[in-house]
Amino acid sequence: MATQENVTGQNLEKLNQNLERVEELSQRLVQALASRRPPNPTLNAPSQELFTKAATSYWQEMFENPGKIYEQQLEYWGKSVRHFLEAQQALAQGKVSHDEEDEADDTLKGDKRFSNPLWDTHPYFHYIKHQYALNKQAVEQAVSNIDDLEPKEKQRLEYFSRQIIDMMSPTNFLGTNPDALEKAVATEGESLVRGLENLVADIEANHGEMVVRLADESAFELGENIATSPGEVVYRNRMIELIQYAPATEEVYTTPLISFPPWITKFYILDLKTQNSLIKWITEQGYTLFVVSWVNPDASFADTGMEDYVEEGFLTAIREVKAITKQKQVNAVGYCIAGTTLHMVLSLLKKRGDTSIKSATFFTALTDFGEQGEFTPFLQDDFIDGIEQEVAEKGLMRSFIMSRTMSFLRSNDLVYTPAVKSYMMGETPPAFDLLYWNGDGSNLPGKMAMQYLRGLCQRNEFVTTGFPLLGETVHISDVDVPITAVTCQSDHIAAWKDCYRGFRQTGSKDRTFILSESGHIAGIVNPPSKKKYGHYTNGDLSGSADEWLESAVYHEGSWWPLWEKWLRKRSGKKVDARAPGDSEHPPLAPAPGTYVRKKASL
C-alpha cells in the first residue's frame with residue numbers, strides 16, 4: 001500500500017509540475033502570437049472567384065442532371081450510415097471485421113500516417129480512418145465531376161481541395177491520433193508538454209508565425225560540420241561573395257569552373273558533408289572551382305532587379321574569375337533560377353559579342369514557363385497580385401512565403417507530419433543536414449521577384465517575345481555555346497519535361513541532356529560512391545520528352561562522372577594547381593564566407 005501511495009504521490013507531483021509548465025508556456029504563446037506579422041491575406045488562399053465558379057458549376061450540373069448528383073450523394077450517405085452501423089457492431093464485439101474492404105480504403109494503402117496497427121484493429125480508430133477515406137473519396141469525386149472550368153482553374157481547385165483533405169486528416173488531431181495518444185499515456189503527459197514547448201519555441205523564433213522546424217538547428221555549424229570544403233572568399237560586393245576553393249590535386253585544368261547557385265536558397269546544398277559534396281568532388285577531379293554565395297537581402301534591396309543579379313553577380317563574378325586565373329574563358333554552371341538566368345546571360349553575351357563563357361551546364365533549370373506544373377495554383381493573378389502588394393509594403397518577398405509555398409506542395413511530408421511529431425509527440429527534430437539547409441532560406445528583393453513572376457513565369461517572355469535585360473532583349477534561341485542540362489525525373493519544382501522543352505529551343509549545336517532519377521535535390525546531390533540513383537541519356541533531342549525517354553539509355557549510378565567527362569573535353573590542358581586568390585584578390589574570409597551565415601528574418 002505504501003508503495004502504491006508513493007507512486008500515486010509521484011504521479012500527482014509530476015502532473016502538478018507539468019501543469020505549471022503548461023501555464024508558463026501558455027503565457028509565452030500569447031506573447032509570441034502578439035508579435036505576428038502576417039503576410040498579405042490574399043496569399044493565404046485563392047480568390048473567392050475560384051470557389052464561386054466551382055459552386056456555380058456544381059449547381060448547374062444539379063439542375064441539368066439531378067439524378068447523377070443525387071446518386072453520388074446517396075451513395076456517400078449510404079456508405080457512411082452503413083459504416084456507422086458496422087462500427088457500432090464492432091464496438092459491441094470489441095473487434096473489427098475485415099470481411100468487406102471498401103474501395104475508399106484503397107486510397108490510404110501505403111500511407112505512412114496510418115501505419116499504426118490500431119487503425120485496423122481498434123474499432124474506434126478503424127471507424128475514424130474509414131470515414132476519413134469516405135470523405136476523401138467524396139470530395140475528390142465531386143471535384144472530378146466539375147467539367148466546365150478552365151484547365152488551370154480545375155487544376156487549382158484540385159490542389160486546394162487536396163489541401164483541405166490533407167489538413168482534415170485524423171492524424172492531425174490529438175483525439176484521433178493513436179501514436180500521439182499512446183505516447184501521451186506512456187509519458188504521463190510529458191510528451192504533450194514537450195510538444196507545447198516546441199510549438200512555442202517555433203512561434204517565438206518566427207515572430208508569431210507557425211513555421212515547423214524540420215531539423216535540429218543546434219546540431220549544425222557552418223564551416224564546422226557542414227559546408228566544410230576548404231577555400232577562401234576572394235571577392236565581395238553588395239550582391240555576392242566569390243569563393244575560390246582550394247585545389248585537391250597537384251595539377252588542374254586550365255579553364256576555371258564557376259558555379260552559380262540559386263539565390264532563393266543557400267549554396268551549400270552542394271557542400272553538405274564530405275560524403276556527398278559536389279564541391280569537394282569537383283576539386284578532386286582537378287578543376288579550379290569558384291562558387292558564388294549570394295547576399296541574403298533585406299528591405300534596402302527593394303529596388304534590386306534581375307539586371308543587378310546579372311551585372312553585379314554573373315558578369316562581375318566571370319570578370320573576377322578570368323582576372324584571378326588569367327584566362328579568357330570560363331565554364332559555368334547554373335542551378336535552378338540561376339540556371340534560368342545563366343541562359344539569359346549567354347544570350348546577353350552573344351548580343352555583345354562576348355565569348356567569356358566556353359560552355360554552360362544547367363541543373364534543373366526552367367526556361368519555358370508555358371506549362372507551370374505544380375506551381376500553377378500559385379502563379380495566377382490573385383496570388384501574384386498579393387505578392388505584389390506584399391513586396392510594395394515590405395520591399396522584399398520574405399523567405400517564409402516561398403518556403404511555405406514549397407512545403408505545401410508536399411504538405412503531408414513537410415508540414416503536417418513534422419508538426420505532429422514535434423507538437424503532439426514532443427519529439428526533437430532530427431539532426432538532418434538536408435532539412436537544416438531546407439530551413440535556411442533567403443529573401444528575394446521586391447523588384448527582382450516581380451520581374452521573375454510577371455516577366456518569366458506569367459508572360460514567358462524569354463521564349464516568346466524576349467526578356468528585356470541591360471539594354472538588350474534576350475531570347476532562348478540566342479544561346480549557342482556547348483551546353484548540358486541535368487534534370488530530375490521526379491522533380492516537382494522544375495519538371496524535367498518542361499526543362500527539356502526549353503532546352504530544345506536553344507540555338508546550340510552541341511547539346512547534351514541528362515535525366516537523373518529522384519527529385520530536385522536528391523537527383524543532383526547524388527555522389528558516385530552511393531550508387532543510389534541512375535540516369536538516362538539520349539543524343540536525339542528531335543522528338544518530344546516522352547519520345548526522348550522511350551529511346552533513352554539507362555545507366556546505373558550517378559551522372560557526375562558522365563558530366564565530368566563532358567566538362568573535361570572543354571577545360572583545356574593541365575597546369576599547376578592554383579591557390580585561392582592573387583595579389584589583387586587577397587583572401588577576405590575562409591569558406592563558406594560571411595553572406596551565407598545571415599538568416600532570413602520574417
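Q: In which helix does Ile164 lie?
A: In this predicted model, Ile164 lies in helix H7, which covers residues 151-167. That helix has 17 residues and reaches 24 Å from its first C-alpha to its last, close to the 24 Å expected at 1.5 Å a residue.

Q: Is Ile164 buried, partly exposed or exposed?
A: A residue is called buried under 20% relative accessible area and exposed over 50%, with partly exposed in between. Ile164 has a relative accessibility of 45%, so it counts as partly exposed. Together with Met167, Met168 and Phe173, Ile164 makes a nonpolar surface patch of about 370 Å². Other residues of H7 are buried, among them Leu157, Phe160 and Ile165.

Q: Why do residues three or four places apart in an α-helix point the same way?
A: The general idea is that an α-helix has 3.6 residues a turn, so residues at that spacing point in the same direction. To practise on a helix in this structure, take H9, residues 190-205, whose buried residues include Val193, Leu196, Leu199, Val200 and Ile203. Just after H9, His207 takes a positive phi of about 55 degrees.

Q: How do the side chains of a regular strand alternate?
A: In general, they alternate between the two faces of the sheet. In strand E12, residues 483-488, Ile483, Ala485 and Thr487 are on one side, Thr484, Val486 and Cys488 are on the other, and all of them are buried. Because six of the six residues are buried, E12 is largely enclosed by the rest of the structure.

Q: Which strands pair with E12?
A: Strand E7, residues 357-363, runs parallel to E12 and is joined to it by four bridges, while strand E13, residues 511-516, pairs with E12 in the parallel sense over six bridges. Val486 of E12 is the bridge partner of Phe363, and Val486 also stands opposite Ile514 in E13. With helix H18, residues 496-503, E12 and E13 make a right-handed β-α-β unit.

Q: What parts of the chain do the salt bridges tie together, taking Glu307 and Lys447 as a case?
A: A salt bridge here needs a side-chain nitrogen of Lys or Arg within 4 Å of a carboxyl oxygen of Asp or Glu. Glu307 and Lys447 form one, with their closest N and O atoms 2.7 Å apart. Glu307 lies in helix H11 and Lys447 in helix H17, so the pair ties together parts that are 140 residues apart in sequence. Glu307 is buried, with a relative accessible area of 19%, whereas Lys447 is partly exposed at 35%.

Conventions: Residues numbered from 1 in each chain as written. Predicted model: local features only at pLDDT ≥ 70, side-chain atom pairs only at ≥ 80, totals over all residues. Heavy atoms only, no water. Buried < 20%, exposed > 50% of the residue type's maximum accessible area, 1.4 Å probe, protein only. Helix = DSSP H or I, 4+ residues; strand = E, 2+ residues; numbered from the N terminus. Patch = residues over 30% accessible without salt bridge, like charges linked within 9 Å, V, L, I, M, F, W, Y side chains within 5 Å. Areas by Shrake-Rupley, 256 points an atom, 1.4 Å probe, with all protein chains shown as cover. Pairing = 2+ DSSP bridges. Right-handed = clockwise from strand over helix to strand, strands pointing away. Expected span 1.5 Å × (residues − 1).
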